[in-house]
Amino acid sequence: MEDYTRALADFVRDHQVWAAPIVLLLAFGESLAFISLLIPAWGALVAIGALIGVSGMSFWPLWIAGGIGAALGDWLSYWFGFKYKEQVAQMWPLSRYPEILPRGEAFVRSWGVPSIFIGRFFGPLRASVPLAAGIFEMPYWPFQIANFVSALIWSAALLLFGDVIAEIAAWIWRTV
């Protein structure tokens, strides 16, 4: 996975015009039920964030792209859960991890709309919470508001974390 992240970051550094679409796709995949369980993209998003200060890329388009990608991934997961309800648990890869949906359901039922915010920042919950919210018919507009706001905060947090780490590393490198 580290080689994948490094190769992707190198590509973005060399082809900056593709940075925002790549961030959008990574955030979408990281937030989409099923896909995020197989391909964790958060490391690549942090690595791309590390390129912001050192390569001169603008934070704003990457932030918006990441937020939109993450929100679309959760929206599609919500829709999928709403449409296919009980059938979802029988689908791969959730059929191999039967504990994920009950945990997501319990989390959504006990926390309600704030579960969308909280779930965004915790790996396995990131994909299961929107799916569970759809299955258990969380009201659409409260879900979407929480979804988009949390997606923008999450995107900013990952990209800025990478940028700050790169700045600290550059400072240490200069002082050594």
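## A walk around three packed helices and a pocket

Start by selecting α1 and α4: their axes come within 9 Å and cross at roughly 35°. Keep in mind on this tour that you're looking at a predicted model. Turn the view until one helix lies over the other, and you'll find that α1 passes α4 in a right-handed crossing. Now show side chains. On the α1 side, the contact comes from Thr5, Leu8, Ala9, Val12 and Arg13. Facing them from α4 are Gly43, Ala44, Ala47, Ile48 and Leu51. Colour this set by class and you get seven nonpolar, two polar and one charged.

Next, keep α1 (residues 2-14) and add α2. This pair packs at an angle of about 150°, with axes 10 Å apart. At that angle, over the 145° cut-off, α1 and α2 are therefore roughly antiparallel to each other. The crossing here is left-handed. Pick out Tyr4, Leu8, Phe11 and Val12 in α1, which meet Ala19, Ile22 and Leu26 in α2. What classes turn up in the contact of α1 with α2? Seven residues are nonpolar, with no polar and no charged ones. Leave Leu8 and Val12 highlighted for a moment: they meet α2 here, and they also sit in the contact with α4.

Now hide α1 and look at α2 (residues 19-31) against α4 (residues 42-55). The angle is about 150° again, and the axes are 9 Å apart. So α2 and α4, too, are roughly antiparallel to each other. Their crossing is left-handed. Select Ile22, Val23, Leu26, Ala27 and Glu30 on α2; they meet Trp42, Ala44, Leu45 and Ile48 on α4. By class, that makes eight nonpolar, no polar and one charged. Ile22 and Leu26 may look familiar, since they also meet α1. On α4, Ala44 and Ile48 touch α2 and also belong to the contact with α1.

Last stop: the largest pocket, which holds about 300 Å³ of space. Centre the view on Val46, Ala47, Ala50, Leu51 and Ala166, the residues nearest its centre among the 17 that line it. Which elements give two or more residues to that lining? They are α1, α4 and α9 (140-175), so bring α9 into view if it's hidden. Recolour the lining by class, and it divides into eleven nonpolar, two polar and four charged. Before you close the session, click on Ala47 and Leu51 once more: both are in the contact between α1 and α4, and both are among the residues nearest the pocket's centre.

Conventions: Residues numbered from 1 in each chain as written. Predicted model: local features only at pLDDT ≥ 70, side-chain atom pairs only at ≥ 80, totals over all residues. Heavy atoms only, no water. Axes fitted to C-alpha atoms, helices over the stretch in contact; angles between N-to-C directions. Helix = DSSP H or I, 4+ residues; strand = E, 2+ residues; numbered from the N terminus. Parallel < 35°, antiparallel > 145°, perpendicular 65-115°, else oblique. Left-handed = near helix turned anticlockwise from the far one by under 90°. Contact = heavy atoms within 4.5 Å. Nonpolar A, V, L, I, M, F, W, Y, C, P; charged D, E, K, R; others polar. 1 Å grid on protein atoms, 1.4 Å probe; cavity = no way out; pocket = protein on both sides within 12 Å on 5 of 7 lines; lining within 4 Å. Points joined across faces, edges and corners; volume = space filled by probe spheres on them.
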